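Reader: Please pick one part of this model and go through it closely, then connect it to what surrounds it. Plain wording will do, with the cut-offs stated.

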Amino acid sequence: MAGDAMAYNRELGELAHRHYQTGEYEAAEQHALELWKRDPGNTGVLLLLSSIHFQRRRLDKSATFSTLAIKANPSLAEAYSNLGNVYKERGKLPEALDHYRYAVGLKPDFVDGFINLAAALVQAGELEAAVQAYARALQLNPELYCVRSDLGNLFKALGRLEEAKSCYLKAIESHPSFAVAWSNLGCVFNCLGEVWLAIHHFEKATQLDPTFLDAFINLGNVLKEARIFDRAVQAYLRALSISPNHA
């Protein structure tokens with residue numbers, strides 16, 4: 001009987017996680033709540049319920065389940081990070097930062113914790129500290145091409161264009177179809193006065209994602225600067241077809 005109960009609990013947990021991963025939050029919540037009733041001290045399901053409620057914008061409930069998880073295991077870094085997400089969503093950045101920092105202090109290999117910390121630091125205007133947090137996340141998992149692109153954006157905002165370029169190139173190397181990195185690289189080349197390289201990268205971004213509005217606008221702008229007016233008009237017309245109300 002005990003073995004059957006454990007197997008059923010495991011099946012409930014797998015179903016809940018599967019529905020969560022596919023964005024079926026109502027179904028995920030139903031399975032997770034059933035599992036929680038059967039196993040109230042299960043920190044995995046408490047974390048999952050916290051995440052489900054966060055996705056469904058039920059911030060109070062999300063915080064409640066994170067707090068229950070911390071009571072069950074005071075060293076559970078993910079619960080502190082989830083609480084940080086709630087504080088950040090409510091605009092309470094100092095409290096969010098405190099929770100993210102505490103989370104990564106508990107778990108120094110917590111990739112998502114460092115990513116959350118970095119994003120909050122950017123929002124708080126602590127850009128150099130954000131660079132360090134993103135760098136730590138990438139040190140732990142070098143394959144995170146979206147995070148590498150985010151770090152590139154941060155370097156670009158700081159005027160560190162060569163470092164930004166390096167980030168975008170590495171993101172493209174690991175994920176060649178990542179249109180955002182191609183477009184961002186085009187912006188860097190444009191800033192460096194490399195107009196033809198900028199045009200090439202914006203064109204590549206639009207080929208990879210034919211609905212990429214910003215890439216078409218950037219392409220139009222750089223073509224206009226290069227006095228290639230017919231192609232600039234085509235790029236702007238394409239942007240307007242994607243977003244007719246765009247000024």
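Author: The expected span of a helix is 1.5 Å times one less than its number of residues, and helices here are DSSP runs (H or I, at least four residues; strands are E, at least two), numbered from the N terminus. The model is predicted, so local features need pLDDT of at least 70 and side-chain atom pairs pLDDT 80 or more, while totals for chains, interfaces and linings use all residues. Residues are numbered from 1 along each chain as its sequence is written, and side-chain values use heavy atoms, without hydrogens or water.

The part chosen is helix α8, residues 127–140. With 14 residues, α8 should span 20 Å, and its end C-alpha atoms are 20 Å apart, so the two values agree. Its buried residues (under 20% relative accessible area with a 1.4 Å probe, protein chains only; exposed is over 50%, partly exposed in between) are Ala 130, Val 131, Ala 133, Tyr 134, Ala 137 and Leu 138. Viewed down the axis of α8, these buried residues fall within an arc of 170° (taken from the directions from the axis to the C-beta atoms), and therefore they line one face of the helix. An α-helix has 3.6 residues a turn, so residues three or four places apart point the same way. The face of α8 turned away from the buried side carries Gln 132 and Gln 139, both exposed. The cover over the buried residues of α8 includes α7 and α9.

From α7 (residues 111–123), Phe 114 is a residue to look at. Phe 114 counts as buried because its relative accessibility is 11%. Leaving aside neighbours within four places in sequence, Phe 114 is in contact (heavy atoms within 4.5 Å) with Ala 133, Arg 136, Ala 137 and Leu 140, and also with Val 104 and Pro 108. Between Phe 114 and Ala 137 the C-alpha distance is 5.6 Å, although 23 residues separate the two in sequence.

On the α9 side, the residue to follow is Tyr 145, in helix α9 (residues 145–157). Its ring pairs with that of Phe 178: the centres are 4.9 Å apart and the planes at 70°, so the pair is edge-to-face. Rings of Phe, Tyr and Trp (its six-membered ring) pair if their centres lie within 6.5 Å, with planes under 30 degrees apart stacked, over 60 edge-to-face and the rest tilted. The count by this rule is 4 aromatic pairs. Phe 178 lies in the loop between α10 (161–174) and α11 (179–191), so the pair with Tyr 145 ties together parts 33 residues apart in sequence. Tyr 145 is partly exposed at 25% relative accessible area, whereas Phe 178 is buried at 12%.

Moving on to α11, Ser 183 lies in that helix and is buried, with a relative accessible area of 2%. Beyond its neighbours within four places in sequence, Ser 183 is in contact with His 201, Phe 202, Ala 205, Phe 212, Ala 215 and Asn 218.

Two loop residues complete the account. Arg 57, in the loop between α3 (43–55) and α4 (59–72), has a phi near 65°, a positive value in a residue other than glycine. Arg 57 is partly exposed at 43% relative accessible area. Arg 227, in the loop between α13 (213–225) and α14 (229–242), likewise has a positive phi near 65°. Arg 227 is exposed, with a relative accessible area of 63%.
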